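Trainee: I'd like to take a close look at one part of this protein and then see how the rest fits around that spot. Could you walk me through it?

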Amino acid sequence: MRRRVLLVFANPYSRVRRHLPYGLMLLAAALREHEVRIVSPYQEHDDPDAAMAALVADYRPDIIGVGVRNIDTQVTTEWGRGNYVPPDGSFATTWFVPKTG
């Protein structure tokens with residue numbers, strides 16, 4: 001039975017650093033016998049909650065999958081705080097994943 005599948009990349013940090021939802025893209029490829037849509041509400045809309053409510057009401061998915069992270073979110077972001085500040089103090093970085101090693 002063909003299903004309507006909505007895959008949501010729900011990473012709020014994607015507003016800071018835009019990147020692709022690789023994991024959801026792989027999942028969508030594996031579900032090619034179904035009708036699959038991938039959306040990134042934080043990248044595509046100023047009000048992601050309202051956009052998702054409207055999309056769900058319109059698309060009426062049978063299944064909703066949510067992805068929140070991918071390897072690209074390990075990059076740093078200049079937030080004025082963090083775990084690295086250069087000697088001139090011009091910015092600071094925050095890591096989204098823990099250090100390994």
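Where does His-34 lie?

Mentor: Before we zoom in, keep in mind that this is a predicted model. His-34 lies in the loop that runs between helix 1 (22-30) and strand 2 (35-39). Despite the loop address, His-34 counts as buried, because its relative accessible area is 18% and the cut-off for buried is under 20%.

Now look at what packs around that side chain. Setting aside residues up to four places away in sequence, His-34 touches Met-1, Arg-2, Arg-3 and Val-5. One of these partners also makes a polar link: a polar atom of the His-34 side chain sits 2.9 Å from the backbone nitrogen of Arg-3.

From there, step along to strand 1 (4-9). Val-5, one of the residues His-34 touches, belongs to a core of 5 residues that also includes Leu-7, Phe-9 and Ala-28. That core is separate from the largest one, which has 6 residues: Leu-6, Val-8, Val-39, Met-52, Leu-55 and Tyr-59. Strand 1 and helix 3 (48-59) are the elements that give two or more residues to this largest core, and helix 3 gives the most, with 3 residues. In soluble globular proteins, nonpolar side chains tend to be buried together.

Take Leu-55 as a way into that larger core. Leaving out neighbours within four places in sequence, Leu-55 is in contact with Leu-6, Arg-37, Val-39 and Arg-60. Two of those partners are arginines, and both are worth following.

Arg-37 lies over the face of Tyr-59, 4.8 Å from the ring centre. Arg-4 also lies over the face of Tyr-59, at 5.8 Å from the ring centre. As for rings paired with other rings, a search of the whole structure turns up 0 aromatic pairs.

Arg-60 is in the loop between helix 3 and strand 3 (63-67). With a relative accessible area of 60%, Arg-60 is exposed, as the cut-off for exposed is over 50%. Its backbone deserves a glance too: phi of Arg-60 is near 50 degrees, a positive value in a residue other than glycine. Most residues other than glycine have a negative phi.

Another spot to visit is Pro-41, in helix 2 (residues 41-44). Pro-41 is buried, with 3% relative accessibility. Not counting neighbours within four places in sequence, its contacts are Val-8, Phe-9, Pro-48 and Met-52. Val-8 and Met-52 are members of the largest core, while Phe-9 is in the second one, so Pro-41 touches residues from both cores. Pro-41 and Asn-11 are 30 residues apart in sequence, yet their C-alpha atoms are 8.6 Å apart in space.

Finally, zoom out. The protein has 3 helices and 5 strands, and along the sequence they follow the pattern β-α-β-α-α-β-β-β. Of the contacts with a separation of 6 or more, 61% join residues 24 or more positions apart. Buried residues make up 32% of the 101 residues, and His-34, where we started, is among the buried ones. The accessible surface comes to about 6900 Å², with 54% of that belonging to carbon and sulfur atoms.

How values were computed:
Residues are numbered from 1 along each chain as its sequence is written. This is a predicted model: local features need pLDDT of at least 70, side-chain atom pairs count only at pLDDT 80 or more; totals for chains, interfaces and linings use all residues. Side-chain values use heavy atoms; hydrogens and water are left out. Helices (H or I, at least four residues) and strands (E, at least two) are DSSP runs, numbered from the N terminus. Buried means under 20% relative accessible area, exposed over 50%, partly exposed in between (1.4 Å probe, protein chains only). Contact means heavy atoms within 4.5 Å. Accessible areas come from the Shrake-Rupley method with a 1.4 Å probe; for residues, only the protein chains shown count as cover. Rings of Phe, Tyr and Trp (its six-membered ring) pair if their centres lie within 6.5 Å; planes under 30 degrees apart count as stacked, over 60 as edge-to-face and the rest as tilted. A charge sits over a ring if NZ of Lys or CZ of Arg is within 6 Å of the ring centre and within 35 degrees of the ring normal. A polar contact is a pair of N or O atoms within 3.5 Å; within protein, one must be able to donate a hydrogen and the other to accept it, and residues adjacent in sequence count only if both atoms are side-chain atoms. A nonpolar core is a set of buried Ala, Val, Leu, Ile, Met, Phe, Trp, Tyr and Cys residues joined through side-chain atoms within 4.5 Å.
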